[in-house]
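Student: Could you take me through the pockets in this one? I'd like a close look at what lines them, and then a quick idea of the chain around them.

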Amino acid sequence: MGFTQRLRRDWPFLVMTAPAAVLVVVFHYVPTLGNVIAFQDYNPFLGDSAVGSFLASPWIGFGNFMVLFEDPAFWDAVVNTLSITLFQLVFFFPLPVFLAILLNSVVSGKVRGFVQSVVYLPHFFSWVLVITFFVQMLGGAGLLAQVLRQHGFEPVAIMSNPDAFIVVVTAEGVWKDLGWGAIVFLAALAAIDQQLYESAAVDGAGRWRRLWHVTLPGLRPVIVLLLILRLGDALSVGFEQYILQRDAVGRQAAEVLDTYVYYQAIVPQQWGVGAAAGLFKGVVGLILILVANRLAHRLGEQGVYSGK
């Protein structure tokens, strides 16, 4: 079938996807050109327009990267970001899989729908509301502290304890996004052929063996895909959640790359340094995706792309 014939056949779909494609181009690909300021001493006031500022700003090569890499605070932010990412990969990433399996095993449709609505709801709360809720529950004047004082115990400062910060932010993420993250896995479970379960049951496989030999293999491609994408965002753990709690636990515990860029680049108007940090994140994320995708191929999974 030629190009003209395919165009006549598929033009309604092209029209439907055109607005989304335009948004991607305008808000993702066009701003990518701004990475050029990572190699400039960029000053937005040198020109009469954005293009004029680009042209008038002097080139300094890798000077912004040298400033970035020589700053100990930058490496502290990198270590904090990677630590939080690894901690959440171990203690958060598997939970939506378990929740999806539990919901899928519920026989009653009404009960399943009610539980899904309850666990989905926190996803639509802002981080301000989520953190406020945790402060009211676990803060120094929160519910847990009041109950401990009433029983003669001295409460522990959980929300302002730097050592507990990584656990707190992970718990906040679990409460907010656990249900939402299970949606993809529920869809993957629905795509598993039910005859596989029936055949396994006929062969004498119990519930746990069906889970191990049918359910988990059916979810494995989706798990691998999402894990690769999560590794690509290893240096992007968020901004609002951390900046809201930064003053309570201190910079050493809560400073991640996104907050570092805000305080060390945007606030002092060092635009080139901020662009260099963003470009560093992108390059590291790309490398992690390529490595994880190659590893997925060796394990027999397709990954993000086939690589052929």
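Tutor: Here is a walk through the two pockets, followed by the chain as a whole.

Keep in mind that this is a predicted model. Let's start with the largest pocket, which holds about 700 Å³ of space. Its lining is made up of 26 residues, and the ones nearest the centre are Gln88, Phe92, Phe93, Asp177 and Arg230. So who builds the wall? Four helices each put in at least two residues: α4 (72-91), α9 (165-190), α11 (207-232) and α12 (240-243). Of the helices, α9 hands over the largest share of that lining, with 8 residues. As for chemistry, the lining of the largest pocket splits into 15 nonpolar, 7 polar and 4 charged residues.

Now on to the second largest pocket, with a volume of about 480 Å³. Here 14 residues do the lining, and Ile101, Asn104, Ser105, Arg207 and Thr215 sit closest to the centre. The helices that each supply at least two lining residues are α5 (94-105), α10 (194-202) and α11. This time α11 gives the most, with 5 residues. Sorted by type, the lining of the second largest pocket comes out as 7 nonpolar, 4 polar and 3 charged residues. Notice that α11 turns up in the lining of the largest pocket and again in that of the second largest.

While you have the model open, click on Arg246 too. You'll find Arg246 in helix α13, which covers residues 246-249. Arg246 counts as buried because its relative accessible area is 12%, and the cut-off for buried is under 20%. Leaving out residues up to four places away in sequence, Arg246 touches Arg251, Ala254, Glu255 and Tyr263.

Finally, zoom out to the whole chain. There are 16 helices and 0 strands. The radius of gyration is 24 Å, well over the 19 Å that the globule rule gives for 308 residues, so the chain is more spread out than a compact globule. Along the principal axes, the C-alpha atoms fill a box of roughly 80 × 75 × 35 Å. Of the 308 residues, 32% count as buried. The accessible surface adds up to about 19000 Å², and carbon and sulfur atoms own 68% of that. Among contacts with a separation of 6 or more, 65% join residues 24 or more positions apart.

Note on methods: Residues numbered from 1 in each chain as written. Predicted model: local features only at pLDDT ≥ 70, side-chain atom pairs only at ≥ 80, totals over all residues. Heavy atoms only, no water. 1 Å grid on protein atoms, 1.4 Å probe; cavity = no way out; pocket = protein on both sides within 12 Å on 5 of 7 lines; lining within 4 Å. Points joined across faces, edges and corners; volume = space filled by probe spheres on them. Nonpolar A, V, L, I, M, F, W, Y, C, P; charged D, E, K, R; others polar. Buried < 20%, exposed > 50% of the residue type's maximum accessible area, 1.4 Å probe, protein only. Contact = heavy atoms within 4.5 Å. Rg over C-alpha atoms; globule rule 2.2 N^0.38 Å. Areas by Shrake-Rupley, 256 points an atom, 1.4 Å probe, with all protein chains shown as cover.
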